[in-house]
Amino acid sequence: MTPDDSPRTWSAQELDVERPDAAEYRDLAADLRSRVDGRVAFDEYARVLYATDGSIYGAQPAGVVFPTDTGDVRAAVEAATDHGVPVLPRGTGSSLAGQTVGPGCVVLDVSRHMDDVLSVDPDAERARVQPGVVQDDLDDRLAEHGLKFAPDPASSNRATVGGGIGNNSTGAHSVRYGITDAYTEAVTAVLSDGSVIEAREVVLDSPEWDDLVSGDGREAEIYRTVRAVVEDNADEIEARYPDLKRCVSGYNLDRVVYENDAGERVLNLAKLFVGAEGTLGVVVEAELSLVTVPEETALALYCFEDLVDAMRMVPVALEYEPSAVELMDDEVFRLAAESDATPSTSIRFPTAPRPR
Ligand SMILES: Cc1cc2nc3c(=O)[nH]c(=O)nc-3n(C[C@H](O)[C@H](O)[C@H](O)COP(=O)(O)OP(=O)(O)OC[C@H]3O[C@@H](n4cnc5c(N)ncnc54)[C@H](O)[C@@H]3O)c2cc1C
């Protein structure tokens with residue numbers, strides 16, 4: 001079949017299909033349309049489309065907004081707040097635990113328009129991005145500088161940086177690089193009242209700190225409260241936060257106050273937005289630190305008769321400081337061998353365990 005013979009697909013607009021807003025959210029949809037430049041979709045089709053994500057959960061939102069910029073996010077949050085409806089930011093919805101589905105909420109899909117790499121500073125090894133940029137697209141932009149964004153979830157060809165911040169994601173190379181919070185230096189976020197906060201490293205008790213906490217506005221209150229929570233509960237936080245490489249449950253109260261490279265005690269609210277699953281605000285920009293792409297890589301393949309044997313060898317493998325340790329079971333090899341996508345020139349996968 002030539003491209004000209006391909007079956008034509010039709011959009012609902014072309015077919016002139018009427019897609020009315022859900023009756024119970026008509027006023028909210030109209031209000032959003034009057035305040036937001038991006039598309040507002042409150043019809044049944046959009047609601048069903050956004051009722052699922054990568055998880056087993058499902059719940060129909062009130063509708064979806066596709067913000068074009070920070071102004072749109074602010075306007076959407078304000079409108080939803082006025083109507084008493086929750087807001088749920090969403091990247092590509094590849095979450096596995098239902099993070100991006102919620103009943104009767106306004107979903108803000110930032111992956112459609114807010115997906116730019118705003119700047120790259122190769123010398124400082126920093127990049128400033130919008131939340132909807134897909135991680136692999138960011139790495140493509142960074143490749144010319146020999147740099148990359150270190151956390152690499154297996155879904156990185158679809159997953160957004162904003163979603164990675166929401167989930168504190170990481171991937172196969174976490175044994176070397178750790179998780180997203182270590183690479184999120186600052187975020188600009190829209191709070192529940194529509195105000196914007198620039199969360200970044202602030203030296204405690206510096207003139208900048210005194211200035212930040214002196215007002216009676218929302219930002220000052222947040223800085224004062226977070227410091228008090230962390231300092232008043234320091235012993236509990238120390239005792240109860242598990243010392244795990246991939247600790248991604250709950251708010252990062254153990255990582256929000258720390259000593260920076262200059263030896264100063266700092267508070268960085270950006271670390272709190274990481275892993276918050278969108279509950280503290282909508283991230284509209286993020287400043288990321290980057291790592292150098294290694295010039296050489298190598299792969300070692302070890303075969304084991306069963307899973308427990310393989311797992312017993314992980315501590316031994318870690319002694320050699322690998323950048324990744326991955327486990328593949330016989331099912332993966334079988335599927336790869338059978339798949340048309342596996343090139344015929346690819347290496348022969350082991351079909352049977354080797355004698356020990
Ligand atoms: C096949 C597969 C493999 C996977 N492998 C991994 C893996 O190796 N490691 C891993 O960590 N995860 C993995 N995941 C889970 C998921 O893909 C990652 O956590 C990914 O980083 C989520 O990105 P996303 O753009 O889909 O985010 P979403 O699922 O859209 O959102 C994730 C969270 O972030 C919040 N969020 C999104 N955007 C914003 C924003 N702008 N501001 C504030 N909060 C926001 C959302 O509300 C949600 O709570 C995998 C998923 C699949 C389907």
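This passage describes the surroundings of the ligand, the largest nonpolar core, one helix and one loop residue in a predicted model.

The ligand is surrounded by 32 residues. The closest of these are G91, S95, G163, G166 and G278. Three elements, namely β3 (87-90), α5 (161-167) and β13 (282-289), each give two or more residues to the shell around the ligand. The largest share comes from α5, which supplies five residues. In chemical character, the shell divides into 19 polar, ten nonpolar and three charged residues. Both domain 1 (12-109) and domain 2 (117-292) give residues to this shell, and the ligand therefore lies between them.

The two domains also come together in the largest nonpolar core, which draws at least three residues from each of domain 1 (12-109) and domain 2 (117-292). This core has 61 residues, and those with the most contacts inside it are V65, A76, V106, L108 and F273. Helix α3 (residues 70-82) gives the most to the core, with six residues. In soluble globular proteins, nonpolar side chains tend to be buried together. The surroundings of L108 may be set out in detail. When residues up to four places away in sequence are not counted, L108 touches V65, P67, V73, A76, V87, L88, P89, R90 and V282. Two of these contacts, V65 and A76, are also among the core residues with the most contacts.

Helix α4 (residues 135-143) has buried residues on one side and exposed residues on the other. The buried residues are Q135, L138 and L142. They cover an arc of only 60° around the axis, and therefore lie on the same side of α4. An α-helix has 3.6 residues a turn, so residues three or four places apart point the same way. On the other side of α4, D140 and A143 are exposed. The buried residues of α4 pack against three strands, β5 (117-121), β6 (126-129) and β7 (147-148), and against helix α5. Helix α5 is also the element that gives the largest share of the shell around the ligand.

The final position considered is F304, which lies in the loop between β14 (291-292) and α11 (307-312). F304 has 16 other C-beta atoms within 10 Å and is therefore partly exposed; a residue counts as buried at 20 or more such atoms and as exposed at 12 or fewer. Along the chain, F304 and D329 are 25 residues apart, and their C-alpha atoms are separated by 9.5 Å.

Note on methods. Residues numbered from 1 in each chain as written. Predicted model: local features only at pLDDT ≥ 70, side-chain atom pairs only at ≥ 80, totals over all residues. Near = placed C-beta within 6 Å. Helix = DSSP H or I, 4+ residues; strand = E, 2+ residues; numbered from the N terminus. Nonpolar A, V, L, I, M, F, W, Y, C, P; charged D, E, K, R; others polar. Domains from an automatic or database assignment. Arc of directions from axis to C-beta. Contact = placed C-beta atoms within 7 Å. Core = buried A, V, L, I, M, F, W, Y, C linked by C-beta atoms within 7 Å.
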